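Me: Could you take a close look at one part of this model for me, the strand pairing and what packs around it? I'd enjoy a connected walk through it.

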Amino acid sequence: MNEHLTLSQLKRYSFRKIERLQNLRLRAVCKHILPATPFYRSLFEAYGVAFNSIRTIEDWHMQGLPLIKKSAYLKRPQDFVVQPDKAHVFSSHLSYLLSLEEYRSALDLILLPNKRELLKQYYQPKMLIFSGGTETGNPTPALLTPQQKFNTLGGVLGIIGELLLSRFGTAQTTGMNVFPYAPHLGWHAVHQALDMHADLNLNTAAGGAMPTERLVKLAGKTKPNIICGMNEYLRNRFLPLAIKENIKLPETVLFINGAQKMIDAERRQIEELSKKLGVTNPIVLDFYGASELKTALMPECQSGSGFHHIAPLSSIVDTVTAKPSGKDIIDNWDFAVNGYGVTWNIDGAGTMLSGYFLGDVFERVENSQCPHCKLNVKRIFEVSRIRDVQAQIGLTGAVEAKLKGAKINLAAYREEALSVKEVKEVQVVLRGKTLELRFVADNPSRAKKELETLFKSAEIKPKLVPTTYEKLKGDKLKYEPIKP
Ligand SMILES: [Zn+2]
């Protein structure tokens, strides 16, 4: 069964055709898969909605179904796992394939002697992945089936490889994974991608699994030209130590950030730092993913190209406006050209999240062919965590009057400060009515002077506090770029 589109299909198929394929899957999922998922069985019953009345995501809204918040999911993640009735799994799977118009797979199912194994591959969860915990300390789990891990994720990573690695031509590629090792989606996806595409996979991991000192030494000896990790780690630990140890890297290096937002100033920092290691052509690309999107990893094809939704058969992704609600679900919502990201998993089994409120804001969404790679896929620009946005609302709401109505954007303050070359890391903290900007620099007094000049004409001048990277992390606290 075709669970993902190929690179050439993503170029040839129109947006309409891709949408038609997505709707076919949504319909089949609502009819045959959601009734086997405890949470949705109860939800549809409570809202008096028939499973076969959902043919598009617009129907989800028209039938009055709510969006599901992370809080509902984290309370009972097991209720979101597809659990087909063992006694009827053969007939229900056959009906599912027929409604997907997958006649060949339906025939295979009928003719194959070992139906049990095939159904197990399709429905029995195999692998647990997490995301989100790196920043919030509250990771979100999702279960992938063997079919999703080996076939779908493998296919999606194949597309990413074709998309990104062509720029190396015939040069030898050596990949280094410096994501923290854990059941972390970032580490696993990168590991599998490097296994598939790099000529040599160094099989490394950061986050305590291997000390940075050893990783840097290894990089000095093996000269990796694909380095994947979180930008905060690359900027503050790996690259500065590599400069100190005086190692050299190849002229062209592809750096891939994931699992945390990377702003332009941070991207430039990686470029600048890598130049000190002999890299004349640094390519710094960003990825967007979430465990709740499962195999739908979204790469940039070029710096600033937007995140490409290259796995449209895994998840439908759209944007909405929504009224805040104290409940675990959101009843008051509507579609919008940009706004809060929502997903409908349409990949058949494992964890199934339909109408799920992702917790990220998509500032801009483009439904047009990418001018660089020519793929006909949705592209998402500027993903921000709602946490940051709420911090901004909290600020403008509570302090606005006292500050003569000046609206300020905390994220913008951090971005501005990071654009100062001396400044390595910044944390913006709102303390009562004071805006505190904590910064890390090798020469704090020089950096402070530059920051003073930078914010000289700002309406609200931040209090500039030099600090260290260790202090930013706090005792046992995780580092947070912005604290409301
Ligand atoms: Zn592109």
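**Strands, sheet and helices**

Reply: Happy to, and let's start with one pair of residues: Asp360 stands opposite Arg385 in S16. Please keep in mind that this is a predicted model. The pair belongs to a longer match, as S15 and strand S16 (residues 379-385) run antiparallel and are joined by six bridges. Strand S15, residues 356-366, also pairs with strand S14 (residues 339-345), again in the antiparallel sense, over four bridges. There, Val342 has Phe357 of S15 as its bridge partner. A general point helps when you look at such strands: in a regular strand, side chains alternate between the two faces of the sheet.

Now let's move along the chain to another set of strands. An open sheet of four strands is built in the order S19-S18-S17-S20, with mixed pairing. Strands S19 (463-466) and S20 (482-483) stand at the edges; each has a single partner strand, so one side of each is left without a neighbour in the sheet. Strand S17 (residues 423-431) and strand S18 (residues 434-441) run antiparallel and are joined by eight bridges. Within that pairing, Val423 stands opposite Ala441 in S18.

Two helices pack on this sheet. Helix H16 (residues 410-418) touches S17, S18 and S20, and its direction makes about 155° with that of S17. Helix H17 (residues 444-454) touches S17, S18 and S19, with its direction at about 160° to that of S19.

For the wider setting, the protein chain is divided into domain 1 (7-125 + 314-365) and domain 2 (400-483). The centres of the two domains, taken over C-alpha atoms, are separated by 42 Å.

Helices also pack on each other in this model. Helix H6 (residues 89-99) and helix H8 (residues 115-123) pack at an angle of about 65°, and their axes are 11 Å apart. H6 passes H8 in a left-handed crossing. H6 brings Val89, Phe90 and His93 to the contact, while H8 brings Lys115, Leu119 and Tyr122. By kind, the residues of this contact divide into four nonpolar, one polar and one charged.

One more residue is worth a look. Glu232 lies in helix H13 (residues 231-244). Is Glu232 buried or exposed? Glu232 is buried, because 20 other C-beta atoms lie within 10 Å, and the cut-off for buried is 20 or more. The C-alpha atoms of Glu232 and Lys11 are separated by 34 Å, with the two residues 221 apart along the chain.

How values were computed. Residues numbered from 1 in each chain as written. Predicted model: local features only at pLDDT ≥ 70, side-chain atom pairs only at ≥ 80, totals over all residues. Buried ≥ 20, exposed ≤ 12 C-beta atoms within 10 Å, placed from the backbone. Domains from an automatic or database assignment. Pairing = 2+ DSSP bridges. Contact = placed C-beta atoms within 7 Å. Axes fitted to C-alpha atoms, helices over the stretch in contact; angles between N-to-C directions. Left-handed = near helix turned anticlockwise from the far one by under 90°. Nonpolar A, V, L, I, M, F, W, Y, C, P; charged D, E, K, R; others polar.
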